[in-house]
Amino acid sequence: MCSLGVSPDGQTLTIFVMIGNSSIGNNNDNLTQFSTNLHTFPMSVVESKIAEGNQILMSDLTSIQSSPNEAQFWYEELSWNHDASNSVLAHTKTWRYDEDDVSYTHAYTIKPEGTSNTLISENKDQPIWSIDNSKLSFLDLSYYNFSNGSIQQITVSGINNEVSGDAISLLNGNYIVFEIGDENRKGSVAKITQMTM
């Protein structure tokens, strides 16, 4: 299992790789039979391997975040910013993945070479950069404002279904796209163009 992301300068492929599976036997009792690491790989090498018909191997990857299996942490949900001159990756770190009663997820940012790994917010997941890189939004319709280091919560009124997963655009964050769902897994996409916060 893995997730991919390419840096805005097009130079770095980021990938998290999960090794093992949480549904093997009684693995959910301790979750130490599988884990993930966060890796990078030069895009130039990726493209040459593809052109030659060769596979990318685990030995080709450079780990920039990892934990031993017994720590029970997983690195995932990759989102690059949009500044090619200052590439920054947002990612999440989850403890006890797939164990909803005790699991928690925190959001971080990190540089491509693995430096400046910074906790942005606890108990936040699915980070998405705004187009102007001034904000990092999360699944619960909140966002981190880099200008003052604060977390702001967006409240949607007039919709009875569950809302989540916002993506904030340019123009001072006044354009937001989010998901609407219900218990039957029917989903829609909605847009906010006017906000009071």
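Visitor: Hi! Quick one to start: is K49 buried or exposed?
Guide: K49 is buried, at a relative accessible area of 17%. Buried here means under 20% relative accessible area, exposed means over 50%, and partly exposed is in between, using a 1.4 Å probe and protein chains only.

Visitor: Where do these values come from?
Guide: This is a predicted model, in which local features need pLDDT (the predictor's confidence in each residue, from 0 to 100) of at least 70 and side-chain atom pairs count only at pLDDT 80 or more, while totals for chains, interfaces and linings use all residues. Residues are numbered from 1 along each chain as its sequence is written, and side-chain values use heavy atoms, with hydrogens and water left out.

Visitor: Back to K49. Which side chain does it meet in a salt bridge?
Guide: That of D60, at 2.7 Å from N to O. K49 lies in helix α1 (residues 43-51) and D60 in the loop between α1 and β4 (62-66), so the pair ties together parts eleven residues apart in sequence. Helices (H or I, at least four residues) and strands (E, at least two) are DSSP runs, numbered from the N terminus. D60 is partly exposed, at 24%.

Visitor: What counts as a salt bridge?
Guide: A side-chain nitrogen of Lys or Arg within 4 Å of a carboxyl oxygen of Asp or Glu.

Visitor: And how many are there by that rule?
Guide: Two. In one of them, K124 and D140 meet at 2.6 Å, N to O. K124 is in the loop between β8 (118-121) and β9 (128-129) and D140 in the loop between β10 (135-137) and β11 (142-145), so this pair links parts 16 residues apart in sequence. K124 is buried at 11%, whereas D140 is partly exposed at 34%.

Visitor: New topic: where is H91?
Guide: In strand β6 (residues 89-95). H91 is buried, with 0% relative accessibility.

Visitor: What does H91 touch?
Guide: Leaving aside neighbours within four places in sequence, its contacts (heavy atoms within 4.5 Å) include L38, Y75, H106 and N117.

Visitor: What about S87, where does that sit?
Guide: In the loop between β5 (73-80) and β6. S87 is buried at 5%, and the residues it touches, not counting those up to four places away in sequence, include S7, W80 and P112. S87 and Q11 are 76 residues apart in sequence and 9.8 Å apart in space, C-alpha to C-alpha.

Visitor: Last one: which element has the lowest mean pLDDT?
Guide: Strand β15 (residues 187-192), at 58, while β8 has the highest, 95. The protein's mean is 79, and 71% of its residues reach 70 or more.
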